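The following explanation concerns the contact between two chains and the helices that take part in it. The reader is invited to keep the structure in view throughout.

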Amino acid sequence: MTQVLAARAGRITPEMEMVANRESVDIEVIQTGVASGKIVIPKNVKRKEFNCCGIGQGLRIKVNTLIGTSSDRDNIEMEARKLAVAQEAGADAVMDLSTGGDIDGMRRQTLAQANVAVGSVPIYQCGVEAIEKRGSVVAMTEKDMFEAVEKQAEEGVDFMAIHCALNFDVIKRLKISGRVTDVVSRGGAFLTGWMLHNNKENPLYEQFDRLLEILKRYDVTLSLGDAIRPGSTADSLDGAQLMGMIIGGELVARAQAAGVQVMVEGPGHVPMHHVRPTMLLQKRLCNGAPYFVLGTLATDIAPGYDHITSAIGGAIAGAAGADFICNVTPAEHLGLPTEQDVKDGIIAARIAAHAADLARGNKQALSRDLQMAKARVALDLDRQIGLSIYHEKISANGGNGDGSHSCAVCGPQCAAQVAAKYFGIA
Amino acid sequence: MTQLSEALDGKITSAMKEVARKEGIAPELVRQGVASGSIVIPRNNQRRGMAPSGFGAGLRTKVSASVGLYGSDAGIDVELQKIKAAVSAGADSIMDLSVSGEIDSMRRQTLVSTPTPVGTLPLYQAIAEAAGKKRSPLHMTVDDLFDVIERQAADGVDFLALHCGTTMDIVQRAKKEGRIDPLVSYGGSHLIGWMIYNQVENPLYAQYDRLLEMARKYDVTISLADGMRPGCVADSLDGAQVHELVILGELVMRAREAGVQIMVKGPGHVPLNHIEATITLQKSLCRGAPYFVFGPVATDIGAGYDHISGAIGGAMAAWAGADLICYVTAAEHIGIPDVAQVREGVIAARIAAHAADLAKGLNGAATWDLKLSQARKDLDWEKQIALAIDPQRARELRKGRSEESSTACAMCGKYCAMKVVSQYLGASERSC
């Protein structure tokens, strides 16, 4: 039984309890949220117990990170280190996006070592194997696609990005609108190529019920892949993107009706003034399903600093309703991230998520900032370190170390110390 | 004559022309902005060898970097290196915030080391000199303070940060309402201590006309500093902050009447849901005066990463109308930034400024993004790197994270989405 079916049947699962405890909210809020589809708790029934998290309305915004091999770099030991770094840096979930080397081995390693929800994109493996065995991604068969989903579900993957909301209607809009960067989603690109070459509708769209059946069996949360997300700010909110979102909304309704947990992936490159409309449209069209954004990146011009462009976009998106932020690393658009890039990306995304939680009035978030402010006023360095987003970079701060507000310039008769006495904080 | 009085006389100065040229707008628009006070062009009439820059409505969002001597380990050479790094990373303005050591010498060298406008905070030097000569800044006289202001103006400083609005009323309000962090601003804290110890009103408020006279003489732009800026998100938009903003609005009007260019400094620590309101309040109360925000950082807990929490807040603030962003470095709340952190801080603030210009639809902003995205689509790496906000960093990362021979990047390797789709979307598409 899936979480959503359990919730609708009035049952409270251990996973719901865990989420309620971690968020300090009433269990009824979680149960109602899961039942209505506004909260998902990705956890495959085959997966052993881990720190599962709830994603959606009323909850802390979660951060996802990406690991995985590529054709240019298939070092699974390095990816294992990235996973460890990611968990240490506070990622709430991790997706294995491997496309190189031993993809099965890599996924099994991730599932065995992760203590957080694990996601994947089955079409990657499917496409790569078609290229290896039959010479081209367009040689994938429908059977391959569903088998890849089934195999990965059977192994315990908790959520899967699947590009169901891509069909010929969307591609038609794409051709008419004439984008700057046509399709930047790799899965979307595989499927677009496959559809155009074979002149066949996307099987993951056409046989959506077949897919739902597999996902339901394992309680895999469907993350509707955003095949047509804008890859440049100029493409944001164009006809193709919106058609994809409308189709996505229809599929969300079907998944929810079938008792399958579902969330929706979002962009991508979005100028700041498009972020709120994007969130509003998604929530409206997709029946309040949790929104999982990649970034969003507030500008295209900062390769090398896209953890920062996406922290800007992600914070605004979170404040406007996004529930799950996929981190972007400084290596985005340039290459495959290192362990340090992954860490920097996660911390930037966590700052964005936290800033958005504050704006949304999340009580845990507000309380943490207040404690930090009080620790600063009290010049209590240990508490400041404990409360900071990531402790590593904090070493010596604490004014002059004697617990007074005196500065280095004034010496014993410091004017700031007089002010501190006046305010009763000396 | 100041830029403001010239503009009011209908004259377009060479500085206005230079600003118009750099912004790609008509000189008359710049003149109108300066005349109405919505644009300032900080440029001391004693300053030599600088390129005028405009801050304000309708102009590109600018970025300011702060350096300065602090503590016994500080040296002028290192601070000059930071200036060089900041300017080469694209800072539009430099503030020398030295609080100790050879303050005069540092300022004079700063003025000849950057073509950008230079700002200072004279109270810091007044505090340091009183601490030295009179054993404590508490014994500083009003004349001591004004002497330092005049000295700095005469040296050619283009804009002066002055806490004119931190009045006794406001200090009392902060105490009464139980502000979590009443001592945020270094200058403000010392000034408040001085006011309480001597039981007198803030001289920068009480003798504001004296200040205006000096500013007019040198065409120094006043940057009204906010002693009560929130230093934690819980204090944002509290009575003390808003009260001070009301006073600052009054002081803006008086400066304009005196023909003195003026802008207003802002927070600080501001939660995202307060940013638009903060900017709207400032623009309303201060009648459209340029707003110079410090960050703002969007959360209190980003220590070690406050260039990022500052970029988040700065982007939102500039989108809502802030005109000049003071960078926040990764060393904020922890210590003094090194050269690398200065550079990184400038780039982070520039990203925020550009994201805001893009959202505001500022003329030309979208073109930059479009060009880079087209180069990305074309897999033209040289062009992407050349167009990047920090080409040096982009090149390093490309080298370190991908095979240089690869046409794609190591993230997707041979399964690059751009390549796959281009093959199937017809001949009209650009080839890779």
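The paragraphs below treat the contact between the chains, then individual helices and their packing.

This is a predicted model, in which local features need pLDDT of at least 70 and side-chain atom pairs count only at pLDDT 80 or more, while totals for chains, interfaces and linings use all residues. Residues are numbered from 1 along each chain as its sequence is written, and chains are lettered from A and ligands numbered from 1 in the order in which they are written.

Chain A contributes 92 residues to the contact and chain B contributes 90 residues, two residues being in contact if their C-beta atoms, placed from the backbone, lie within 7 Å. Helices are DSSP runs of H or I with at least four residues, numbered from the N terminus. Those of chain A that each supply at least two residues of the side touching chain B include α6 (122-134), α9 (186-198) and α15 (339-359). The largest share of this side, nine residues, comes from α15(A). By class, the side of chain A that touches chain B comprises 54 nonpolar, 27 polar and 11 charged residues; Ala, Val, Leu, Ile, Met, Phe, Trp, Tyr, Cys and Pro count as nonpolar, Asp, Glu, Lys and Arg as charged, and the others, Gly among them, as polar.

Of the 21 residues of α15(A), 19 are buried, so this helix is largely enclosed by the rest of the structure. A residue is buried if 20 or more other C-beta atoms, placed from the backbone, lie within 10 Å of its own. At 1.5 Å a residue, α15(A) should span 30 Å, and its end C-alpha atoms are indeed 30 Å apart; the expected span is 1.5 Å times one less than the number of residues. Just after α15(A), Gly361(A) adopts a positive phi of about 80 degrees.

Across the contact, α14(A) packs against α14(B) (residues 306-320) at an angle of about 60 degrees, with the axes 9 Å apart. Axes are lines fitted to C-alpha atoms over the stretch in contact, and angles run from 0 to 180 degrees between N-to-C directions. The angle makes α14(A) oblique to α14(B), a word for angles that are neither under 35, nor over 145, nor 65 to 115 degrees. Ile308(A), Ala311(A), Ile312(A), Ala315(A) and Ile316(A) meet Ile308(B), Ala311(B), Ile312(B), Ala315(B) and Met316(B). This contact has 10 nonpolar, no polar and no charged residues.

Within chain B, the axes of α13(B) (residues 272-285) and α14(B) come within 9 Å and cross at roughly 35 degrees. Leu272(B), Ile275(B), Glu276(B) and Ile279(B) of α13(B) make the contact with Gly313(B), Met316(B), Ala317(B) and Ala320(B) of α14(B).

Key
A residue is buried if 20 or more other C-beta atoms lie within 10 Å of its own, exposed if 12 or fewer, and partly exposed in between; C-beta atoms are placed from the backbone.
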